[in-house]
Every structure is written in structure tokens, then in C-alpha cells.
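User: Hi! I'm new to reading protein structures and could use some company. Can we go through this one together?

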Amino acid sequence: MVAQGVAVGQGGVILHGDGTSWTSLYPEDGDTFTAAWMGEDGAAWAVGERGAVCRRGPAGWVLARLGDGDLHGLWGRSATEIWACLLY
């Protein structure tokens with residue numbers, strides 16, 4: 001089994017590691033992401049400033065908004081059961 005991972009940072013950077021290399025994503029609006037989570041099946045989530053939520057699925061990463069507060073924590077039990085912490 002090859003280890004996978006996801007890392008996030010300032011300026012909208014999201015990195016996905018597949019065990020041999022890292023692939024980067026820079027969303028168009030450049031939000032800073034503050035937390036990430038990846039499930040055993042490879043599904044991944046990232047959250048950050050201004051309610052930014054990114055999900056990695058079969059077609060790649062998709063950016064959405066969950067309100068306008070900053071999200072600072074993320075935890076999941078499965079690819080469809082995710083919790084985020086909101087800071088106003």
C-alpha cells in the first residue's frame with residue numbers, strides 16, 4: 001500500500017502526495033487554506049479563509065464556499081462525513 005497525504009498553506013496552495021511525488025493546486029482566488037483531511041480511499045478535503053472548502057474527488061479538486069467565516073480545523077470519519085471548525 002502506497003501512503004498518500006495532503007498538505008495546505010498560504011496563497012491557496014494545496015499539495016497532494018501520492019507516495020512518490022507531490023501535485024499542487026492553486027485555486028483562482030488564492031485563499032489561504034488552514035486544515036486538510038484525507039481518507040483511506042484517497043478522497044481529500046481542505047478548508048480555509050472566507051469559508052473556502054475544497055474537495056478532491058475522481059475529477060480532481062473542486063472549490064466551494066461555506067459562508068464567509070474562516071474555517072480552521074477539519075476532521076473526518078469518511079469521505080462523506082466531515083467536520084470543520086468555524087472561527088468568526
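User: Which residue is the bridge partner of W37 in β5?
Analyst: That partner is W45. Before we go further, please keep in mind that this is a predicted model.

User: Good to know. How many bridges do β4 and β5 pair over, and in which sense, parallel or antiparallel?
Analyst: β4 and β5 pair over 5 bridges, in the antiparallel sense.

User: What holds strands together in general?
Analyst: Strands of a sheet pair through backbone hydrogen bonds, and the pairing can be parallel or antiparallel.

User: What is the order of the strands in the open sheet?
Analyst: The order is β4-β5-β6-β7, so to speak reading across the 4 strands, and the pairing is antiparallel.

User: Which ones are the edge strands?
Analyst: Those are β4 and β7, as each of them pairs on one side only. From one strand to the next, the twist averages 20°.

User: Back to those tryptophans. Which residues does I82 touch?
Analyst: Leaving out residues up to four places away in sequence, I82 touches W37, W45, L74, W75 and G76. That list includes both W37 and W45, the two bridge partners we started with.

User: Where is I82 found?
Analyst: I82 is in strand β9, which covers residues 81-87. Along the chain, I82 and W37 are 45 residues apart, and their C-alpha atoms are separated by 8.7 Å.

User: Is I82 buried or exposed?
Analyst: I82 falls in between: its relative accessible area is 24%, so I82 counts as partly exposed.

User: New topic! How many salt bridges are there in the whole structure?
Analyst: A search of the whole structure finds 3 salt bridges. As background, side chains of opposite charge can pair when their charged atoms come close.

User: Which residues are linked in a network of salt bridges?
Analyst: The network links D31, R50 and R65. D31 forms a salt bridge with R50, where the closest N and O atoms are 2.4 Å apart. D31 also meets R65 in a salt bridge, again with an N to O distance of 2.4 Å.

User: Why does the pair of D31 and R65 tie together parts that are apart in sequence?
Analyst: It comes down to where the two residues sit: D31 lies in the loop between β3 and β4, while R65 is in strand β7 (residues 60-65), so the pair ties together parts that are 34 residues apart in sequence.

User: And where are R50 and D31 in the chain?
Analyst: R50 is in the loop between β5 (44-48) and β6 (52-57), and D31 is in the loop between β3 (22-25) and β4 (33-38). The two residues are 19 apart, and their pair links distant parts of the chain.

User: Is D31 buried or exposed?
Analyst: D31 is buried, because its relative accessibility is 1% and buried means under 20%. Its partners are another story: R50 is partly exposed at 42%, and R65 is partly exposed at 37%.

User: What else does D31 touch?
Analyst: Not counting residues up to four places away in sequence, D31 touches G9, G11, G12, E49, R50, A52 and R65.

User: What about phi of R50?
Analyst: Phi of R50 is near 50°, which is a positive value in a residue other than glycine.

User: We still haven't talked about E81. Which residue does E81 form a salt bridge with?
Analyst: E81 forms a salt bridge with R77, and the closest N and O atoms are 3.6 Å apart. E81 is partly exposed at 30% relative accessibility, whereas R77 is exposed with a relative accessible area of 59%.

User: Last thing: how many disulfides does the structure hold?
Analyst: The structure holds 0 disulfides. For C54, the nearest cysteine sulfur is that of C85, and that sulfur is 18 Å away. A disulfide needs the two sulfur atoms to be within 2.5 Å, so C54 is in no disulfide. C85 is in no disulfide either.

User: Is C54 buried or exposed?
Analyst: C54 is buried, with a relative accessible area of 1%.

Definitions and conventions. Residues numbered from 1 in each chain as written. Predicted model: local features only at pLDDT ≥ 70, side-chain atom pairs only at ≥ 80, totals over all residues. Heavy atoms only, no water. Salt bridge = Lys/Arg side-chain N within 4 Å of Asp/Glu carboxyl O. Buried < 20%, exposed > 50% of the residue type's maximum accessible area, 1.4 Å probe, protein only. Pairing = 2+ DSSP bridges. Axes fitted to C-alpha atoms, helices over the stretch in contact; angles between N-to-C directions. Contact = heavy atoms within 4.5 Å.
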